[in-house]
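Work through the following exercises with the sequence and the model in view. Try each task before reading its solution.

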Amino acid sequence: MRVPADNNGSERDIRMIKLRQKVSGCLRTLTGARQFCAIRSYLSTATKHGIPQFSALVQLAEGRPWMPATT
């Protein structure tokens, strides 16, 4: 089993944002940045619950978004 470079899930979740800023130079608009973060958050939560990212996106596109069980 591989161990990530760090054990902080929050840091791993924002790594993609920093990479996107580095590659494109910025997130063009605040609206675009919010949408990007919302999608990344949705996929991160789905992954943590064992739901494949592609399946979660397909369900979302079909109008039946995956929601974690409430306790």
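**Exercise 1. Find which residues form the largest nonpolar core of this predicted model.**

Solution. Step 1: the set to look for consists of buried nonpolar residues joined through side-chain atoms within 4.5 Å. Step 2: the largest such core has 5 residues, namely Tyr42, Leu43, Ala46, Ala56 and Trp66. Step 3: helix α2 gives the largest share of this core, with 3 residues. Step 4: take one core member, alanine 46, and set aside its neighbours within four places in sequence; alanine 46 is then in contact with Ile51, Ala56 and Trp66.

**Exercise 2. Check whether the span of helix α2 agrees with its number of residues.**

Solution. Step 1: α2 covers residues 30-48, which is 19 residues. Step 2: the expected span is 1.5 Å times one less than the number of residues. Step 3: the helix should therefore span 27 Å. Step 4: the C-alpha atoms at its ends lie 27 Å apart, so the two values agree.

Next, list the buried residues of α2. A residue is buried when its relative accessible area is under 20%. In α2 these residues are Ala33, Phe36, Tyr42, Leu43, Ser44 and Ala46. A general point helps in reading such a list: an α-helix has 3.6 residues a turn, so residues three or four places apart point the same way. After α2 comes glycine 50, with a positive phi near 80°.

**Exercise 3. Decide whether leucine 57 and leucine 60 are buried, partly exposed or exposed.**

Solution. Step 1: the partly exposed class lies between the limits of 20% and 50%. Step 2: leucine 57 has 35% relative accessibility and therefore counts as partly exposed. Step 3: leucine 60 has 39%, so leucine 60 is also placed in the partly exposed class. Step 4: locate them; leucine 57 lies in helix α3, residues 53-61, and leucine 60 is in helix α3 as well. Step 5: together with Ile39, Leu57 and Leu60 make a nonpolar surface patch of about 240 Å².

What does leucine 60 touch, not counting residues up to four places away in sequence? The residues are Tyr42 and Pro65. Leucine 60 and tyrosine 42 are 18 residues apart in sequence, and their C-alpha atoms are 9.9 Å apart.

**Exercise 4. Identify the salt bridge in the structure and describe the exposure of its partners.**

Solution. Step 1: recall that side chains of opposite charge can pair when their charged atoms come close. Step 2: the structure holds 1 salt bridge. Step 3: this bridge joins the side chains of glutamate 62 and arginine 64, at 2.6 Å from N to O. Step 4: glutamate 62 is partly exposed because its relative accessibility is 49%. Arginine 64 has a relative accessible area of 48%, so arginine 64 is partly exposed too.

**Exercise 5. Describe the protein chain as a whole.**

Solution. Step 1: count the elements; there are 3 helices and 0 strands, in the order α-α-α along the sequence. Step 2: of the 71 residues, 15% are buried. Step 3: the accessible surface comes to about 5,900 Å², and carbon and sulfur atoms account for 59% of that surface. Step 4: among contacts with a separation of 6 or more, 13% link residues 24 or more positions apart.

Conventions:
Residues numbered from 1 in each chain as written. Predicted model: local features only at pLDDT ≥ 70, side-chain atom pairs only at ≥ 80, totals over all residues. Heavy atoms only, no water. Helix = DSSP H or I, 4+ residues; strand = E, 2+ residues; numbered from the N terminus. Buried < 20%, exposed > 50% of the residue type's maximum accessible area, 1.4 Å probe, protein only. Patch = residues over 30% accessible without salt bridge, like charges linked within 9 Å, V, L, I, M, F, W, Y side chains within 5 Å. Areas by Shrake-Rupley, 256 points an atom, 1.4 Å probe, with all protein chains shown as cover. Salt bridge = Lys/Arg side-chain N within 4 Å of Asp/Glu carboxyl O. Contact = heavy atoms within 4.5 Å.
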